[in-house]
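Visitor: Could you take me through one part of this model up close? I'd like to hear about a pair of packed helices, and then how the rest of the chain looks around them.

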Amino acid sequence: MLESLGIPPDVEIVYRALVGSSDTSPAELAESLELPVREVEGALATLVDAGLALRADDGSYAGAPPAVALGALINEHRQGLRLAEQALATLAEQHRSAVAGQSISDLIEVVSGVDAVRHRFQQVQQAADHEMRMFITAPFVAVRPGENAAEPAAVERGVRIRAVVERAALSEPGAITEAVESLRRGLELRVVEQLPIKLVLADADLALVPLDVASGGEPGAVLIQRSGLLAALEALFETAWSRAHPLALSSLESGEVPGPDSEVAGPTAADRRILVLMLAGLTDQAVASQLDLSLRSVQRRLRYLQDLAGVHSRMQLGWYAARHDWA
């Protein structure tokens with residue numbers, strides 16, 4: 001709990017024991033905590049330096065009153081944060097002034113090579129403070145499904161992440177598994193038939209646009225700072241987002257697929273997953289591949305769902321599924 005104030009967990013344990021007792025020797029503390037005496041003595045020295053403990057002439061120790069000792073530390077950290085905020089405001093103003101006089105070439109950086117693109121991709125995500133927006137298209141070149149370590153870190157920081165996924169990307173190996181994990185982490189995902197570009201937006205400050213690669217060519221990307229071009233990319237994302245079909249975790253999570261003779265009153269978890277992929281536009285074969293099912297199993301379940309819904313076509317099944325919260 002006190003680690004944010006610069007007090008390591010092993011030292012905090014000693015401080016808590018010290019606060020709950022009167023004048024105590026290192027040996028007594030070590031015995032009560034079942035720790036080596038040398039380790040306790042080191043922790044006590046740290047506490048004395050931090051003003052959290054007092055050492056008597058007889059070699060015993062007492063904990064400083066928490067309200068006084070910890071209050072001083074908290075105030076010190078608050079002052080440090082205020083100074084950091086002032087420095088940030090000053091630097092941000094300097095950056096805005098510098099950018100105002102830059103040409104478009106100064107606001108755009110061309111990145112070449114898989115490693116360089118991957119590095120910039122991670123940096124843009126790490127720079128996000130409030131929100132990250134993405135277009136995800138196939139094929140995956142620099143970062144494949146399951147390799148984006150910056151995404152869960154951004155979620156832990158409280159960053160909202162919205163992504164529009166191109167239908168073809170869901171057919172890539174591991175894409176559905178990655179989508180399920182992302183939804184579990186709290187990401188918001190939607191799917192469309194086609195997207196014009198790959199895109200990563202960090203707040204309204206940075207954008208990374210990976211470039212199409214010719215056969216045998218070197219991957220590349222464009223890093224764009226705050227500008228009219230970045231604002232246009234934001235508008236493009238919001239338009240695509242408003243028209244995309246939401247992906248729900250309940251529809252993507254796997255489940256047991258009943259046999260042909262099973263009696264089921266409604267769609268199973270696996271049925272819902274088949275439906276959401278069908279509504280996303282995947283072919284029967286692509287759905288079967290993503291769910292590790294046979295093509296016959298997928299088609300059999302879809303026929304069963306048509307009978308259950310009392311409809312005669314896939315289009316009618318999609319309409320019925322949407323109206324009755326099947327997907």
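Guide: Let's start with H1 and H3, which are roughly perpendicular to each other. This is a predicted model, by the way. The angle between the two is about 80 degrees, and that falls in the 65 to 115 range that counts as roughly perpendicular. Their axes lie 9 Å apart, with H1 covering residues 9-19 and H3 covering residues 37-49.

So who meets whom? On the H1 side you'll find Asp10, Val11, Val14, Tyr15 and Leu18. Facing them from H3 are Glu39, Val40, Ala43, Leu44, Thr46 and Leu47. Sort the residues of this contact by type and you get eight nonpolar, one polar and two charged.

While you're on H3, have a look at glutamate 41, which also lies in that helix. Its relative accessibility is 41%, so glutamate 41 counts as partly exposed. Its C-alpha atom is 8.7 Å from that of alanine 30, and the two residues are 11 apart along the chain.

Now move along to serine 60, in the loop between strand E1 (53-55) and strand E2 (61-63). With a relative accessible area of just 7%, serine 60 is buried, because the cut-off for that label is under 20%. Its side chain makes a polar contact of 2.7 Å with the side chain of aspartate 58. Beyond its neighbours within four places in sequence, serine 60 is also in contact with Asp23, Thr24, Ser25, Leu54 and Arg55.

Next, the nonpolar cores. The largest has 51 residues, and Met132, Leu275, Leu317 and Trp326 are the ones with the most contacts inside it. Take methionine 132: setting aside residues up to four places away in sequence, it touches Gln125, Ala154, Val159, Arg160, Ile161, Arg162, Val200 and Leu201. Apart from that largest core lies another, of 16 residues, including Leu199, Ala207, Val222 and Leu233.

Finally, step back to the whole chain. It has 14 helices and 10 strands, and 40% of its 327 residues are buried. As for how the chain comes together, take the contacts with a separation of 6 or more: 68% of them are between residues 24 or more positions apart.

Terms used: Residues numbered from 1 in each chain as written. Predicted model: local features only at pLDDT ≥ 70, side-chain atom pairs only at ≥ 80, totals over all residues. Heavy atoms only, no water. Helix = DSSP H or I, 4+ residues; strand = E, 2+ residues; numbered from the N terminus. Buried < 20%, exposed > 50% of the residue type's maximum accessible area, 1.4 Å probe, protein only. Polar contact = N/O pair within 3.5 Å; in protein donor to acceptor, adjacent residues only side chain to side chain. Contact = heavy atoms within 4.5 Å. Core = buried A, V, L, I, M, F, W, Y, C linked by side-chain atoms within 4.5 Å. Axes fitted to C-alpha atoms, helices over the stretch in contact; angles between N-to-C directions. Parallel < 35°, antiparallel > 145°, perpendicular 65-115°, else oblique. Nonpolar A, V, L, I, M, F, W, Y, C, P; charged D, E, K, R; others polar.
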